[in-house]
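Visitor: I'd love a close look at one part of this model. Could you walk me through it slowly, as you would at the bench?

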Amino acid sequence: MNFNKSKGIVSIKDLSREDILSIIKDCEKVKEEKKFFPDNKNNVGSNKKVASLFFENSTRTRVSSETAAQNLGFYINGFAGAEGTSVKKGEPLIDTVRMFEAYDYKAIIMRHELAGAARLAADHLNIPVINGGDGSSGHPTQTLLDLFTIYEEKHTLDKLKIALVGDLKYGRTVHSLIDALSLFDVEVYLISPPGLDMPQWRITDYCNMSGKKPIIASNLKEIVALVDVLYVTRIQRERFPLGIEGEAEFKKILGLFYINKDFLERYAKKDLIILHPLPRDKNNMEISIDVDNTPYAKYFIQAQNGLHLRESLLSSIIHSENLIINHNHNHNHNKRLPGSLNLPIIDGQKKGDKFLYRLDEGTLIDHIEVNLGQKLYKMLSLDKITDAEVVLCTNIRSKQYGRKDVVAIHKLILTPEQLYKIALISPKHTINIIKNQKVIKKERAILPSPLYDLLICNNPLCISRAEHKEFARSIFYIESDDPLQVRCHYCEEFFTRNEISIAF
Ligand code: CP
């Protein structure tokens, strides 16, 4: 197994196919032992303490995790809902989790409403964090028990047709699941009510990882006749916009994709299995109660597998001597120092076409894409410079690019932060350092990775957003320079050059 167990399970993206298969094999052993020796107690916990911090509601994840910990001989403490805790006095997440480490807890199992909460906690702790769901972002242990159940039923995770049905926009279980499925040779079908589609960036991630496109479908009759696994999810009403708008959205989709016994007997493939992370919503039952006793229904076995999976995982995480740092290895998150690409100086003279941007000494930002000069000028706060002259010229003739914008800054060398901003805005820029009317250096800035404090995540429910006041420093990984693609360390969403928000 490759992943850093000492950090816990924060995101399914931290796991490889081999990691997942190895977790499934471990869980198989635990389940098998339980079958034959149900009363056997494994005392790996030997009264060590594990914290169960559920800032958001839960039945299955919390109770199965706590029962797993108790079965292993751990002492478990924490809270089910923030009511009654100092969170209600405004305590930041990092202070809450630090307390449990200080009280000698050996691991934290947590659920939080903000995306990236478990990642933030793990960054600040030296004990493992097990993510029991972070907003709409992910639910990695749910995915592991989902995959375990599929493996148990189908004896493979390859060559299967798997449909994800329901709220694919807000449902965190399907988000982790599609990530994990990208590591297996499966065909994925996506069916959702209008407006609750799988986010495009997650589909792009799936395509990039698997080399395949998921099939977007709408006809449930056709799908149940075709697929091996139907993974149904509840409409996550609690994540809809508040007020009349959210209420209207919800009403529009009530009753869509309702599955009952009659429907399955008429249309479903004989060996279809139906999974559901549960809970069902009694106000909008996506699977009728009369399906529960059919051979299709595997969702209660799936929920029970959560206990075995969490027992096996907790035991292995606490026992781990494995300190390999290998986070986010599904993505190219290698560290990269800032730098610059040295460009050839053709004649060294930089008198300029126009007197306006002729420089005796200073920095000339050349070859800015037309119409981006103004944005760059603002982002670099050049309008606030008082002790140097700055000239912005737009739509100038360029031998290389036809047209370009240029910014000439007299008697000023840019800071590293300004250089990063230029690289974020203008991929074609060249920076000329000029002395005595001669170019002494010509370069193009290269962004470091990770990139700290320069970008604002566009996901309003990402824990790094200032309005959440959780002291999560902005961290983005550069996954590609041209075209630019950056990924948020916390919520894992990626953004292109046109989508990024640069912090002033
Ligand atoms: N599947 C799941 O996460 O259920 P709970 O919300 O009850 O924990």
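Guide: Happily! In this predicted model, domain 1 and domain 4 together bury about 1,100 Å², and 60% of that area is on carbon and sulfur atoms. On the domain 1 side, the residues that lose the most area to domain 4 are Leu114, Ala115 and Leu120, which together make up 43% of what that side buries. If you count residues in contact, you will find 13 from domain 1 and 14 from domain 4. The C-alpha centres of these two domains are 27 Å apart.

Now for the polar side of this interface. Between domain 1 and domain 4 there are 6 residue pairs in polar contact, with both partners at pLDDT 80 or more. The interface also has 1 salt bridge. To see a salt bridge in the model, pick out Glu492 and Arg119, whose side chains meet at 3.5 Å, N to O.

It helps to place these two domains in the chain. Domain 1 is made of two stretches, 5-136 and 307-318, while domain 2 covers 141-305, domain 3 covers 339-446 and domain 4 covers 451-502.

Domain 1 also takes part in holding the ligand. Both domain 1 and domain 2 give residues to the shell around the ligand, so the ligand lies between them. That shell consists of Ser58, Thr59, Arg60, Thr61, Arg111, His139, Gln142, Pro277 and Leu278. Sorted by class, the shell has 5 polar, 2 charged and 2 nonpolar residues.

Three of the atom pairs here are worth finding on screen. Arg111 places a polar side-chain atom 2.9 Å from an oxygen atom of the ligand. Thr59 uses its backbone instead, with an N or O atom 2.8 Å from a ligand oxygen atom. At Pro277, a backbone N or O atom lies 2.8 Å from a nitrogen atom of the ligand. Taken alone, the ligand exposes 250 Å², and the protein buries 92% of that.

Note on methods
Residues are numbered from 1 along each chain as its sequence is written. This is a predicted model: local features need pLDDT of at least 70, side-chain atom pairs count only at pLDDT 80 or more; totals for chains, interfaces and linings use all residues. Side-chain values use heavy atoms; hydrogens and water are left out. A residue is near a molecule or strand if one of its heavy atoms lies within 4 Å of it. A polar contact is a pair of N or O atoms within 3.5 Å; within protein, one must be able to donate a hydrogen and the other to accept it, and residues adjacent in sequence count only if both atoms are side-chain atoms. Accessible areas come from the Shrake-Rupley method with a 1.4 Å probe; for residues, only the protein chains shown count as cover. Ala, Val, Leu, Ile, Met, Phe, Trp, Tyr, Cys and Pro count as nonpolar, Asp, Glu, Lys and Arg as charged, and the others, Gly among them, as polar. Domain bounds come from an automatic or database domain assignment. Contact means heavy atoms within 4.5 Å. Buried area is the accessible area (1.4 Å probe) that two parts lose on being put together, summed over both. A salt bridge is a side-chain nitrogen of Lys or Arg within 4 Å of a carboxyl oxygen of Asp or Glu.
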